[in-house]
Amino acid sequence: MDLLVRLASICGRENVLSDPEDLLVFEYDAGFDRSAPSAVVVPATADEVSAVVRAARDAGVPIVPRGAGTGLAGGTVACGGAIVVSTSRLRNILEIDTVGRSALVEPGVVNADLGAALRPHGLFFAPDPSSQRASTIGGNIGNNAGGPHALRYGSVVDHVLGVEMVLPDGTIAAFGGRAPDLPGYDLVPLIVGSEGTLGIVTKAWLRLLPLPEHVHTFLALFPDVGTGARAASAIIGGGIVPAAMEMLDRTTMRALNAAFDAHLPEEAGSLLLVEVEGLVEECRDQVTRIETLCRAEGAFGIRTATTAEERDALWKARKLGYPALARIKPNNYLNDAVVPRTKLPEVLGRVNGIADRYGYTIANMFHIGDGNLHPVLLFDARTEPIERVLRAAAEILRVAVDAGGMLSGEHGIGVEKEDFMTWVFAPEDLDAMRRARGALDPDGVMNPGKVLPGQKACGDIPTSRIKRGLAEGMWV
Ligand SMILES: Cc1cc2nc3c(=O)[nH]c(=O)nc-3n(C[C@H](O)[C@H](O)[C@H](O)COP(=O)(O)OP(=O)(O)OC[C@H]3O[C@@H](n4cnc5c(N)ncnc54)[C@H](O)[C@@H]3O)c2cc1C
C-alpha cells in the first residue's frame, strides 16, 4: 500500500500533509539548513506514533520527530526524504502529582503552558528555555534544553524521571518512571539530548520543584562587556550560585528598547540580569554579596525589580531579545557554544575581533552564569552571502573550543555542527557513540544525518534539496 494512504488510514487523512505548500513550513526550524520532508504526519496517541513508525519502516522511509521547530541546529530538517512526525496533537498534561512532585505529560505540551498549569499548585518545572512560550517538552528533551535558570537547577536531563518512547522498530518501551533509581541500565540520560535519533518520546515523567518562598531580581550595570563578564566570574568564584545570571550588551538593549519599549539602561555597555531565590534571609545575604562583587568589578548602578510586574517585564525583555534584533538587521546567526566561565572576558574579546574583521555587528545576550556563549551575528541576507556568515561563525566556534569549551551550550548539534564533532571527539569516542545509536536504531531510520559526522543518510540527499537558506521570520 502507498505510504500516504497507510498513514492516512492510521491518523486520518486530515492529519497527513503532502502538498508542497503545506510542507514548506516544515522544511526548516529556527536554524539555517532546510530540506523538504516527503510528508508530515500528526498522530494523536502513542499507538498511532508506533503504527506510523512501522509504516515508514515498511516503506523504507526515514523518520524525523518534530515539536515546535524552534531548534537552532537543524535538528528537525528532514534528511534523506524523511517524513516528519509532528507532536502537535500530543498535548495533554496527563497527571500532576502534587505530593510526589512529578508530572506525566505528552511531548507536544508547550513548556510555558506546563508552567502555567503548575503555578496554582505551588510547583514548577525548572528548565525555562527562552523559547518556552513556543517550544515543547519533547523538543526540550530532544535537545536537553537549558535556559536562564539552568544555572541553579541544571538542564532538562536533571528533571526527566522517565520517558515512554516509540523505538525505531515501532515498539513502545518505557525507561525510568515516577519512582527514582529503578534497577537496570538507566537509558534516560542517553535519550535526553539524543535529538530524536533514538526514537520518538510519547510521554515523559518530569520532576517538579516547589516555587521558592522569595525571589529577588535586579540589574547590575557595567561600562562594557568585559567588566560584566569579570563580575559574573567573580560571583561564581565567590561561591554564590544565583538562580539565573544573564548578560545583555548595549546593542541588544537598544534593539529591545526600540522594539518593545523595554526601558533598559542604554547608558550601560552591558548589564547582568541576576535572580536569586530561596528564603528571604538567604536572598538578602546573597544580594548584598553579589552587589559588592559587581561594584568591585566596576558596576556603576544597581536597579532592583520591586514588584512582580517589574520582574516579569525584565524577563519578558530578555526572552524577546532575538526578535528585537531584527530592528537592526533583518537576519541573524545565533552562535551557541560554552566556555569555562573564567575564559569569558578573553573569549568575548576575540569574538568581537572576528566580527570586526568580517564587518558584522554583533549582539551578546546569553546565560553567562554557566558559560554559555551566544554571540549573534547580524546581517542582511539580501546583500550578504550566508556562506561568509557561516565562516565567521565557524571561527567563533573554534575560539570557544580552543579555550577549552564545547560545540554547544544547549542548542544541540543537529545538521549544523556535526562536521565539527571531530574537533572535540576522538574517532574512538565517535565510534562508541555510533555503536550506542546503532543498538537502538541498527538501520539508521530515526532522524538520519544528525549529530554524528559523515553519515550516509544525509550524503545521499541530492545537493539541490539541501539548501543553505533562511528561516525568515523565525520568531513565533
Ligand atoms: C528565540 C529562541 C530562543 C531560544 N532559547 C533557548 C534557550 O534559552 N535554551 C535552550 O536550550 N534552547 C533555546 N532555544 C532553542 C530551542 O527552542 C530549544 O532547543 C527547544 O528545546 C526546542 O524545542 P522544540 O519543541 O521547538 O523542538 P524541535 O525544534 O521541534 O526539535 C528539537 C529536537 O528534538 C527532537 N524532538 C522533538 N520532539 C521529540 C520527541 N517527541 N521525541 C524525540 N525527539 C524529539 C527533534 O527531532 C529535534 O532533533 C531557543 C530558540 C529560539 C528560536
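Hi everyone. Let me begin with a term: two strands count as paired when DSSP finds at least two bridges between them. We'll need that in a moment, and please keep in mind that what you see above is a predicted model.

With that in hand, let's go to a sheet. Five strands make an open sheet here, ordered β6-β7-β11-β9-β10, and their pairing is antiparallel. At the edges sit β6, residues 93-97, and β10, residues 172-176, and each of them pairs on one side only. On average, neighbouring strands in this sheet are turned by 10° against each other, if you ignore direction.

A quick reminder for anyone who has been at the bench all week: the strands of a sheet pair through backbone hydrogen bonds, in either a parallel or an antiparallel way.

Let's zoom in on β6. Which strand is β6 joined to by four bridges? That would be β7, residues 102-105, and the two run antiparallel. You can follow the pairing along the strands: Ile93 has Val105 of β7 as its bridge partner, Ile96 stands opposite Ala103, and Asp97 stands opposite Ser102. Between β6 and β7 the hairpin has four residues, and Arg101 there takes a positive phi near 50°.

There is a helix here too. Helix α4, residues 111-118, packs on the sheet and touches β6 and β7, with its direction at about 40° to that of β6. Stepping further into the sheet, β7 pairs with β11 in the antiparallel sense over four bridges. One pair to find on your screen is Leu104, whose bridge partner in β11 is Trp205.

Now for the other sheet I wanted to show you. This one is open as well, with seven strands in the order β16-β13-β15-β14-β19-β21-β17 and antiparallel pairing. Its edge strands are β16 (301-304) and β17 (331-334), each pairing on one side only. From one strand to the next, the twist averages 20°.

At the β17 edge, four bridges join that strand to β21, residues 375-379, and the two run antiparallel. If you want a landmark, Tyr333 has Leu377 of β21 as its bridge partner. Over β14 (244-249), β15 (270-278) and β19 (361-366) lies helix α9, residues 250-260, which runs at about 85° to β19.

Next, the domains. The protein is divided into domain 1 (93-210), domain 2 (212-322) and domain 3 (329-424). Taken over C-alpha atoms, the centres of domain 2 and domain 3 are separated by 23 Å. How many residues of domain 2 are in contact with domain 3? There are 19, and they meet 15 residues of domain 3.

Looking at the domain 2 side of that contact, α8 (225-237), β14, α9 and α12 (321-325) each supply at least two residues. The largest share, seven residues, comes from α8. By class, this side has 11 nonpolar, five polar and three charged residues.

On to the ligand, which I suspect many of you have been waiting for. It is surrounded by 37 residues, and the closest are Gly67, Gly75, Gly139, Gly142 and Gly196. The elements that give two or more residues to this shell are β4 (63-66), α5 (137-143) and β11 (200-207). Which of them provides the largest share of the shell? That is α5, with five residues. Sorted by class, the shell around the ligand holds 12 nonpolar, 21 polar and four charged residues.

Finally, a word on confidence. The average pLDDT over the protein is 92, and 95% of the residues score at least 70. The stretch to watch is 459-476, where the pLDDT is below 50; in the model this stretch has 28 contacts beyond near neighbours in sequence.

To recap with two pictures to take home: the five-strand sheet runs from β6 to β10 at its edges, and α5 gives the largest share of the shell around the ligand. Thanks for listening, and I'm happy to spin the model around with anyone afterwards.

Note on methods: Residues are numbered from 1 along each chain as its sequence is written. This is a predicted model: local features need pLDDT of at least 70, side-chain atom pairs count only at pLDDT 80 or more; totals for chains, interfaces and linings use all residues. Axes are lines fitted to C-alpha atoms, for helices over the stretch in contact, and angles run from 0 to 180 degrees between N-to-C directions. Two residues are in contact if their C-beta atoms, placed from the backbone, lie within 7 Å. A residue is near a molecule or strand if its C-beta atom, placed from the backbone, lies within 6 Å of it. Ala, Val, Leu, Ile, Met, Phe, Trp, Tyr, Cys and Pro count as nonpolar, Asp, Glu, Lys and Arg as charged, and the others, Gly among them, as polar. pLDDT is the predictor's confidence in each residue, from 0 to 100. Domain bounds come from an automatic or database domain assignment.
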